[in-house]
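Q: I'd like to learn how to read the features of a protein–RNA model. Can we start with how helices are laid against each other?

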Amino acid sequence: MKNVYDVLKERGFVEQFTHEEEIIKLLGEESVTFYIGFDPTADSLHIGHFIQIMVMAHMQRHGHRPIALIGGGTTMIGDPSGRTDMRQVMTRERIAENGEKFKKIFEKFLTFEDGKAIMEDNANWLLDLNYIDFLRDIGKHFSVNRMLTADCYKNRMEKGLTFLEFNYMLLQAYDFYVLYHKYGCKMQFGGNDQWSNIIAGADLIRRKDGDSAYGMTFSLLTTSEGTKMGKTAKGALWLDPDKTSPYEFYQYWRNVDDADVQKCLALLTFLPMEEVNRLGALEGAEINRAKEILAFEVTAMIHGKEEAEKAEASAKALFEGGADAEIPGVTIKAEDLGEGLPVLAFLELIELVQSRSEARRLVQQGGIQIEDEKITDIKYEIKASDFVDGALLVKKGKKTYRQVRLEGDQ
RNA sequence: GGGAGAAUGCCCGAGUGGCUAAAGGGGGCGGACUGUAAAUCCGUUGAUUAUGUCUACGAUGGUUCGAAUCCAUCUUCUCCCA
């Protein structure tokens with residue numbers, strides 16, 4: 001079997017490692033138990049986490065054992081890495097709830113049968129820590145001088161860093177230490193922003209036990225311009241279909257920059273690299289083919305093949321014309337229309353806009369089409385008779401569609 | 001605990017009594033061009049029953065014909081000293 005290191009490297013995951021030679025050797029020789037931590041700060045995972053999940057999946061396919069660690073304890077503190085502001089303090093209940101949702105998603109991508117993967121929650125050992133004991137056992141191995149020079153605290157040195165957050169690194173290091181003892185976990189992976197925390201953990205094990213522990217970080221999903229990917233107007237690109245619909249999700253990948261297609265294919269799909277390279281090399285309009293494949297593959301992995309097919313069919317129907325398709329839709333009642341509802345109120349009703357002013361602007365700027373008819377008169381009224389077979393296709397701008405269904409015919 | 005300073009729209013940031021719904025930039029949205037791309041260009045970006053009205057420059061109260069701008073108290077943050 002190919003060394004998983006080469007696979008990860010080839011696909012562009014690998015960013016930094018603590019001991020390159022040793023890591024390659026170890027991964028080639030034995031089944032390694034490793035972990036990646038996920039702090040349940042929101043009620044769904046997002047695409048950034050997905051990269052980490054892909055790493056775990058690649059590793060598992062190559063015979064290694066992942067531990068998906070849910071940060072039920074660390075989230076009580078909040079990781080200051082890569083942030084300019086302090087995280088909101090969250091209640092214990094919220095964190096536990098979010099953690100449960102994370103678990104469900106992990107189960108979709110990893111096999112937990114026969115101990116092939118492990119799920120843990122650091123709340124199990126962090127919440128009841130004794131402060132004095134912890135300081136004496138763990139704290140004494142950390143040099144504040146060194147911590148202050150760590151990259152992850154840099155931008156916080158200007159903005160201010162609370163003692164609460166300053167402790168985060170120790171807790172994450174302690175996690176690694178606990179997992180090492182409990183499961184023989186020798187490696188910790190994470191996004192590149194986790195580098196400081198990861199070496200802190202590996203160092204702790206080396207200091208306390210004199211044993212070898214390793215770490216590796218992976219690239220964060222960024223655009224060719226270096227900005228974070230996976231941001232939509234509404235925030236992150238979530239894996240939960242209730243937060244980001246499969247259609248929306250599909251469209252996100254369908255619309256990535258040309259320059260980012262190849263990278264995304266390598267990181268987010270299991271397509272063989274020859275295929276990835278071939279698709280990435282397509283030029284001009286041809287590269288749309290690669291984007292379609294990317295969008296389909298990623299959507300299928302997260303929402304299932306069926307949803308991906310639906311999203312693809314919808315997109316094709318809308319952008320290339322053709323058969324009816326499933327489009328994000330809303331249902332309204334006939335009585336809402338009455339004798340005719342002004343467009344502005346109508347757009348607000350179907351939640352295509354957030355305010356009437358926005359609706360007004362859109363209409364005046366020619367951004368609204370109803371059944372392929374551009375509406376520019378803000379006094380225009382929608383009537384039940386406008387509906388074709390009880391449905392009305394509303395288009396906002398070039399890419400946002402909404403199928404409005406009428407309930408209760410008159 | 002003592003002292004200095006800061007808080008402005010989604011974000012950054014200008015504004016020190018009326019001309020301020022608040023410069024400029026970023027982001028968002030719409031349009032043109034295109035390949036459902038990028039770049040570029042144009043428009044737009046508090047709400048509303050819309051040439052009007054209301055709400056808004058950390059919070060509350062005050063001075064004034066008039067306050068983002070002045071005063072008081074409070075909150076939060078930063079910095080210096082202990």
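A: Sure, and keep in mind that this is a predicted model. Here's the general idea: angles under 35 degrees count as roughly parallel, over 145 as roughly antiparallel, 65 to 115 as roughly perpendicular, and the rest as oblique.

Q: At what angle do helix 3 and helix 4 pack?
A: Helix 3 covers residues 47-61 and helix 4 covers residues 92-109; the angle between them is about 40 degrees, and their axes are 10 Å apart. The two helices are therefore oblique to each other. As for the hand, helix 3 and helix 4 make a right-handed crossing.

Q: Which residues of helix 3 and helix 4 meet there?
A: From helix 3 you have Phe50, Ile53, Met56 and Ala57, and they meet Ile105, Phe106 and Phe109 of helix 4. By class, this contact has seven nonpolar residues, with no polar and no charged ones.

Q: Now helix 12 and helix 16. How far apart are their axes, and at what angle do they pack?
A: Their axes are 9 Å apart, and the packing angle is about 65 degrees. Angles of 65 to 115 degrees count as roughly perpendicular, so helix 12 is roughly perpendicular to helix 16. The crossing of helix 12 and helix 16 is right-handed.

Q: Which residues of helix 12 and helix 16 meet?
A: Helix 12 brings Pro246, Tyr247, Tyr250 and Gln251. Across from them, helix 16 offers Glu307, Ala308, Ala311, Glu312, Ser314, Ala315, Leu318 and Phe319. Sort the residues of this contact by class and you get eight nonpolar, two polar and two charged.

Q: And how do helix 15 and helix 16 cross?
A: Their axes come within 7 Å and cross at roughly 145 degrees. Helix 15 passes helix 16 in a right-handed crossing. On the helix 15 side, the contact uses Glu292, Phe296, Thr299, Ala300 and His303. On the helix 16 side, look for Lys305, Glu307, Ala308, Glu309, Glu312, Lys316 and Glu320. Here the classes come out as three nonpolar, two polar and seven charged.

Q: Let's turn to the RNA. How many residues surround RNA strand B, and which are the closest?
A: To read this, count a residue as near the strand if one of its heavy atoms lies within 4 Å of it. In this model 30 residues surround RNA strand B, and the closest are Gln251, Asn255, Asp258, Ser357 and Arg360. Of the strand's atoms that come within 4 Å of the protein, sugar and phosphate account for 60%.

Q: Which helices supply the surface near RNA strand B?
A: Helix 8 (151-159), helix 12 (246-254), helix 15 (287-303), helix 16 (305-320) and helix 19 (356-364) each supply at least two residues. Helix 19 gives the largest share, five residues.

Q: What is the make-up of that surface by class?
A: Near RNA strand B there are 13 charged residues, eleven polar and six nonpolar.

Q: Which residues have polar atoms by the phosphate oxygens of RNA strand B?
A: Ser357 is one: an N or O atom in its side chain is 2.5 Å from a phosphate oxygen. For Lys399, an N or O atom of the side chain is 2.9 Å from a phosphate oxygen of the strand. With Arg356, look at the backbone instead: one of its polar backbone atoms is 2.9 Å from a phosphate oxygen.

Conventions
Residues are numbered from 1 along each chain as its sequence is written. Chains are lettered from A and ligands numbered from 1 in the order in which they are written. This is a predicted model: local features need pLDDT of at least 70, side-chain atom pairs count only at pLDDT 80 or more; totals for chains, interfaces and linings use all residues. Side-chain values use heavy atoms; hydrogens and water are left out. A polar contact is a pair of N or O atoms within 3.5 Å; within protein, one must be able to donate a hydrogen and the other to accept it, and residues adjacent in sequence count only if both atoms are side-chain atoms. Helices (H or I, at least four residues) and strands (E, at least two) are DSSP runs, numbered from the N terminus. Ala, Val, Leu, Ile, Met, Phe, Trp, Tyr, Cys and Pro count as nonpolar, Asp, Glu, Lys and Arg as charged, and the others, Gly among them, as polar. Axes are lines fitted to C-alpha atoms, for helices over the stretch in contact, and angles run from 0 to 180 degrees between N-to-C directions. A crossing is left-handed if the near helix is turned anticlockwise from the far one by less than a right angle, and right-handed if clockwise. Contact means heavy atoms within 4.5 Å.
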